[in-house]
Amino acid sequence: MRQRDTILIVDDMEINRVILDGLFQEEYHLLEAENGEQALLLLRQYHENIAIMLLDVVMPVMDGYKVLQEMGANGLLDEVPVVVITADNSLEGELRAFDLGASDIIVKPFEPHVVSRRVHNAVELSQNREHLELTVEEQAASLQKSTNILV
């Protein structure tokens, strides 16, 4: 299992990326994208290292909803949890983000400590799920081996 030690921050507003960088720079490697298209390029290249994506939904070129759709279609949502950070606090936007596979939603303006805690929780849950999946695979292989020996 590869070490997931990178956060991908996707936001068209530089100030938001700077604030989020400041929150996580001591604990994680950071990648940044200004729009969804750049995010998908980085995600395809570094998905094995990315612990979580922090994604704005209102962006030029490709919005966050389209990014979530593409990630779902390519199976990347199973690998990389996504926390949507957006100024859109409408119920429709929230439901759409969750329906497309977001792990959590944080509304701007945000409290940095709350963002930090929620991101850590999402990363921990994802890592625990991945560990459980590996354990189940190992146990299934062991059981198959035992069955073959008995037969």
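In which loop is the place of Pro109? In this predicted model, Pro109 lies in the loop that runs between strand 5 (104-107) and helix 5 (112-150). The peptide bond that joins Lys108 to Pro109 is cis, with omega at about -5 degrees.

A backbone feature of another kind occurs at Val61, in the loop between strand 3 and helix 3. Val61 is not a glycine, yet its phi is positive, at about 70 degrees. The relative accessibility of Val61 is 60%; the cut-off for an exposed residue is over 50%, and Val61 therefore counts as exposed.

Helix 3 spans residues 64-73, and its buried residues are Gly64, Tyr65, Val67, Leu68 and Met71. These residues lie on the same side of helix 3 because the arc they cover around the axis is only 160 degrees. Their packing partners are two helices and two strands: helix 2 (36-46) and helix 4 (91-99), together with strand 3 (50-55) and strand 4 (82-86).

Both ends of helix 3 were also examined. At its start, the backbone nitrogen of Tyr65 has a side-chain oxygen of Asp63 within 3.1 Å. Tyr65 is thus named twice in this description, as a buried residue of helix 3 and as the residue whose backbone nitrogen is reached by the Asp63 side chain. After helix 3 comes Gly75, with a positive phi near 75 degrees. Positive phi values are accordingly reported for Val61, in the loop between strand 3 and helix 3, and for Gly75, which follows helix 3.

Note on methods
Residues are numbered from 1 along each chain as its sequence is written. This is a predicted model: local features need pLDDT of at least 70, side-chain atom pairs count only at pLDDT 80 or more; totals for chains, interfaces and linings use all residues. Side-chain values use heavy atoms; hydrogens and water are left out. Buried means under 20% relative accessible area, exposed over 50%, partly exposed in between (1.4 Å probe, protein chains only). Helices (H or I, at least four residues) and strands (E, at least two) are DSSP runs, numbered from the N terminus. The arc is that of the directions from the helix axis to the C-beta atoms. Contact means heavy atoms within 4.5 Å. A polar contact is a pair of N or O atoms within 3.5 Å; within protein, one must be able to donate a hydrogen and the other to accept it, and residues adjacent in sequence count only if both atoms are side-chain atoms.
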